[in-house]
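Please find below my notes on the model, set out as numbered points. They take the sheets, then a pocket, then some backbone details.

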Amino acid sequence: MKIYLIGIGGIAMGNLASMLQKSGYEVSGSDAGVYPPMSDKLKEWGIPYFEGFRAENLKGQDLIIVGNAISRGNPEVEEMLNLGMDYISMPAAIGKFFLKGKKVIVVAGTHGKTTTTFLIHHILKENGVEPGLFVGGIRKDGLPGFELGNGSIFVIEGDEYDTAFFDKSSKFLHYKPTYTVLNALDFDHADIFPDITAIETMFKRLINLVPGNGKFFIGMVLVLLKN
């Protein structure tokens, strides 16, 4: 299966590209400008990509993953839609390829989620668990922000930012959490959220996804929990 990522230069998209490649898929992509650290990582991982967006880049691809920075008017997006190609957002792709059948720990909050995700993953590994991992970052030691894992648990950073041009809900709503950790909540991302109430609404939706046999952990007292 050939999978193509539009916006592969973003750290989260690049991490996903490598996970897919390690899972046996033929992966490539494009971006307007790919800079370190992801340009170095894509070269290290042997993942080819185009500099710039052109309709002909999509030839022969089976599935298109669209990054959230990509919008209508992009030549590849327009070609994808005109040809009726299969496409999916990055969070939906993570759910489709890596989270099915897993006990998913979603670490959310407007601050501290990347660090907390790494810490939970490290603690589990130190206790003999081999969980999967996905964050939108690269570790200071140079290792990527993902691991395929070898077990039933997957730890993922739950980003509240929107998903794609065709899906304006928060990314974390695609991850079907068994457990949710919420560090903190305050006003952020003023480019897409008009006020704190809009952010609270997305986090309430995340909380509502936790099953009855799951758990929800908070790192501070949150006004929204009163509701």
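1. The strands of one open sheet, 6 in number, follow the order β8-β7-β9-β6-β12-β13 with mixed pairing; strands here are DSSP runs of E with at least two residues, helices are runs of H or I with at least four, both numbered from the N terminus, and two strands count as paired if DSSP finds at least two bridges between them. Because β8 (144-147) and β13 (215-218) stand at the edges, each with a single partner strand, one side of each is left without a neighbour in the sheet. From one strand to the next the twist averages 15°, where axes are lines fitted to C-alpha atoms (for helices over the stretch in contact) and angles between N-to-C directions run from 0 to 180 degrees.

2. This is a predicted model, in which local features need pLDDT of at least 70 and side-chain atom pairs count only at pLDDT 80 or more, whereas totals for chains, interfaces and linings use all residues. Residues are numbered from 1 along each chain as its sequence is written, and side-chain values use heavy atoms, with hydrogens and water left out.

3. Within the sheet of 6 strands, β6 (residues 103-108) pairs with β9 (residues 153-157) in the parallel sense over 5 bridges, and V104 has F154 of β9 as its bridge partner. Helix α1 packs on this sheet, touching β7 (132-138), β8 and β9, and its direction makes about 145° with that of β7; contact means heavy atoms within 4.5 Å.

4. A further open sheet has 5 strands in the order β3-β2-β1-β4-β5, with parallel pairing. Here β3 (49-51) and β5 (87-89) stand at the edges with a single partner strand each, so one side of each lacks a neighbour in the sheet. The twist in this sheet averages 20° from one strand to the next.

5. In the sheet of 5 strands, β1 (residues 2-6) and β2 (residues 26-31) run parallel and are joined by 5 bridges, with I3 standing opposite V27 in β2. Helix α1 (residues 11-22) packs on this sheet too, touching β1, β2 and β4 (63-66), and its direction makes about 175° with that of β1.

6. UniProt, in an unreviewed entry, lists residues 2-97 for "domain: Mur ligase N-terminal catalytic"; its positions are given in the numbering used here, and annotations may be inferred rather than shown by experiment. Over residues 2-97 the chain is 39% helix and 22% strand, with the end C-alpha atoms 14 Å apart.

7. Which residues lie nearest the centre of the largest pocket? They are G10, I11, A12, M13 and N68, from a lining of 14 residues, to which α1 gives the most, with 3 residues. By class the lining has 7 nonpolar, 5 polar and 2 charged residues, Gly being counted as polar.

8. Two backbone details deserve a look. The peptide bond from P36 to P37 is cis, with omega near 10°, and P37 lies in the loop between β2 and α2 (38-45). K176 has a positive phi of about 45° although it is not a glycine, and its place is the loop between β11 (167-170) and β12 (179-182).

Note on methods: On a 1 Å grid over the protein atoms alone, a cavity is a set of points where a 1.4 Å probe fits but cannot get out, and a pocket is an open set with protein on both sides within 12 Å along at least five of seven lines; lining residues have an atom within 4 Å of a point.
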